[in-house]
Each structure stands twice: as C-alpha cells, then as structure tokens.
Amino acid sequence: MNGIDKISNRLIEDAKADIEKLNLETQAQCDAIIKEYELKAQTEYDAIVSEGEKACEVRVRRLASTADMEAKKAILAFKQELVAKAFSDAVDQLVHLPREQYVEFLAAQAAAAAAYGTEELLFNDRDAKTVGADAAKAANAILKQKGIHGGLTVSEETREIPGGVIVRQGNIEVNCAVDTLVQMSRGELASQVAEILFT
C-alpha cells in the first residue's frame with residue numbers, strides 16, 4: 001500500500017507540476033496574445049486618431065477657406081455697393097447743380113451732341129419748364145462760336161429722365177441724360193472711384 005501511495009503521490013505531484021507548467025505556459029501565451037492585441041489596438045487607435053486629426057485639419061482649412069472666400073465676397077459686394085452709390089450720388093449732384101451751372105452743363109451737352117444745329121432738345125418735364133429755353137439759347141451761342149448754325153429748339157415733348165438732355169434730329173437721338181452720361185463714364189471711372197474710396 002505504501003508503494004501505491006508513493007506512486008499515486010508521485011503521479012499527483014507530476015500531474016500538479018504538469019498543470020502548473022501548462023498554466024504558466026498558457027498564462028505566458030495569454031500574456032503574449034494580450035500584449036500583441038494591445039499593441040495592435042494601440043496602433044489602430046493611433047491610426048484612427050491620426051486620420052481623425054488629418055480629417056479635422058482638412059475640414060478646418062476648408063472652413064477657413066470658405067469663410068475667407070465669403071468674407072472677400074461680402075467685402076467686394078460692399079465695395080461695389082459703395083461705388084454704385086458714388087455714381088448715383090454723382091447723378092443727383094449733377095441734377096441739383098446751381099441753376100447757372102446746370103444751364104451751362106446742359107448747353108455744353110446739347111452743343112456737343114448737335115450735328116446740324118437744327119435739332120430739338122428734349123428735357124424732363126421740370127427742366128423743360130425751368131431751364132430748357134436758357135439751355136437752348138446757351139447751346140446755340142456755343143454752336144455759333146464753332147461756326148455752326150445755332151437753331152436748336154426746345155421740344156414740347158418731354159422724357160422720363162432724371163436730368164440732362166436728349167438731342168433729336170428726325171429719328172436719330174443722342175442721349176445726354178445725366179444717368180446715361182454717368183453710366184457711360186462708369187467703365188472708365190469705376191477703378192478711380194474705387195481707389196479714392198478704398199485707399
């Protein structure tokens with residue numbers, strides 16, 4: 001019995017030793033697998049964070065670029081609005097010149113547009129009544145100085161213009177309305193006006 005106990009004890013001890021050895025090996029393998037997957041997880045986490053940071057940077061740059069572009073558009077629109085207002089103000093100032101200066105202005109425009117000296121001058125209703133005759137008389141004087149017959153007359157017909165004059169010979173009209181003159185000058189003067197306004 002003693003021998004069997006010894007063998008049993010020996011087998012039990014060997015089995016315990018084998019189990020302990022297997023447990024150590026299994027634990028070592030588990031530790032190695034955990035370490036490997038922790039490393040993989042960390043690598044994947046780092047990659048995801050890095051991609052996220054890059055995507056975030058790209059988005060921030062895009063948003064900044066879009067915001068910059070929108071700001072530039074808003075500034076440009078504001079500048080264009082100010083330039084348009086400057087030209088609108090120019091029309092208003094020309095129409096509201098002191099009477100003598102306005103008559104000189106109308107006469108100069110009419111004389112420059114007249115080809116024969118026999119044209120009709122069309123004004124808006126207000127100007128036809130208040131300065132039309134004086135403008136025609138002054139324009140005729142300018143034409144006579146140039147050696148052209150001064151026979152410009154004020155038409156009974158009026159036009160819906162803010163100010164200025166339309167010179168008509170038959171079916172041919174030369175539009176010297178103030179808003180038209182300012183609009184025609186806008187192409188040449190817009191950059192100069194902008195430079196004055198924004199420097």
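User: Which residue is the bridge partner of valine 167 in S4?
Analyst: In this predicted model, strand S3 covers residues 164-169 and runs antiparallel to S4, to which six bridges join it. Valine 167 has its bridge partner in S4, and that partner is valine 174.

User: How many residues lie between S3 and S4 in their hairpin, and what is the phi of glycine 170 in the turn?
Analyst: S3 and S4 form a hairpin. At its S3 side, glutamine 169 has isoleucine 172 of S4 as bridge partner. The hairpin leaves two residues between the strands, and glycine 170 in the turn has a positive phi of about 65 degrees.

User: In what order do the four strands stand in the open sheet?
Analyst: S1 and S3 pair in the antiparallel sense over three bridges, and S3 is also joined to S4. The pairing in the sheet as a whole is mixed, and the order is S2-S1-S3-S4.

User: Which strands stand at the edges of the sheet?
Analyst: Strands of a sheet pair through backbone hydrogen bonds, either parallel or antiparallel. The four strands follow the order S2-S1-S3-S4. Each edge strand has a single partner strand, so one side of each is left without a neighbour in the sheet; these strands are S2 (153-154) and S4 (172-177).

User: Which strands does helix H2 touch, and what angle does its direction make with that of S3?
Analyst: Helix H2, residues 99-113, packs on the sheet. The strands it touches are S1 (120-122), S3 and S4, and its direction makes an angle with that of S3 of about 25 degrees.

User: Which residue of S3 is the bridge partner of leucine 122?
Analyst: S1 comprises residues 120-122, and three bridges pair it with S3 in the antiparallel sense. For leucine 122, the bridge partner in S3 is isoleucine 166.

User: How many of the six residues of S3 are buried?
Analyst: Burial here requires a relative accessible area under 20%. Glutamine 169, placed in S3, has a value of 29% and is therefore partly exposed. S3 is nevertheless largely enclosed by the rest of the structure, because its buried residues number five of the six.

User: With which residues is glutamine 169 in contact, leaving aside its neighbours within four places in sequence?
Analyst: Glutamine 169 and alanine 114 are 55 residues apart along the chain, and their C-alpha atoms are separated by 8.5 Å. Leaving aside neighbours within four places in sequence, the contacts of glutamine 169 are Tyr116, Thr118 and Glu119.

User: Are H2 and H4 parallel or oblique to each other?
Analyst: The axes of the two helices come within 8 Å and cross at roughly 50 degrees, and H2 passes H4 in a right-handed crossing. Among the residues making the contact are Val103 and Leu106 of H2 and Ala138 and Ile142 of H4. At this crossing angle, H2 and H4 are therefore oblique.

User: How do the residues of the contact of H2 with H4 divide into nonpolar, polar and charged?
Analyst: The contact includes Arg99 of H2 and Asp134 of H4, together with residues such as Ala107 of H2 and Leu143 of H4. The division is eleven nonpolar, no polar and two charged.

User: Is asparagine 140 buried or exposed?
Analyst: Asparagine 140 has its place in helix H4, residues 132-145. It touches Gly150, Gly151 and Leu152, not counting residues up to four places away in sequence. Its relative accessible area is 11%, so asparagine 140 is buried.

User: Is methionine 184 buried or exposed?
Analyst: Methionine 184 lies in helix H5, residues 178-198. Its C-alpha atom is separated from that of glycine 117 by 24 Å. With a relative accessible area of 58%, methionine 184 is exposed.

How values were computed:
Residues are numbered from 1 along each chain as its sequence is written. This is a predicted model: local features need pLDDT of at least 70, side-chain atom pairs count only at pLDDT 80 or more; totals for chains, interfaces and linings use all residues. Side-chain values use heavy atoms; hydrogens and water are left out. Two strands pair if DSSP finds at least two bridges between them. Contact means heavy atoms within 4.5 Å. Axes are lines fitted to C-alpha atoms, for helices over the stretch in contact, and angles run from 0 to 180 degrees between N-to-C directions. Buried means under 20% relative accessible area, exposed over 50%, partly exposed in between (1.4 Å probe, protein chains only). Angles under 35 degrees count as roughly parallel, over 145 as roughly antiparallel, 65 to 115 as roughly perpendicular and the rest as oblique. A crossing is left-handed if the near helix is turned anticlockwise from the far one by less than a right angle, and right-handed if clockwise. Ala, Val, Leu, Ile, Met, Phe, Trp, Tyr, Cys and Pro count as nonpolar, Asp, Glu, Lys and Arg as charged, and the others, Gly among them, as polar.
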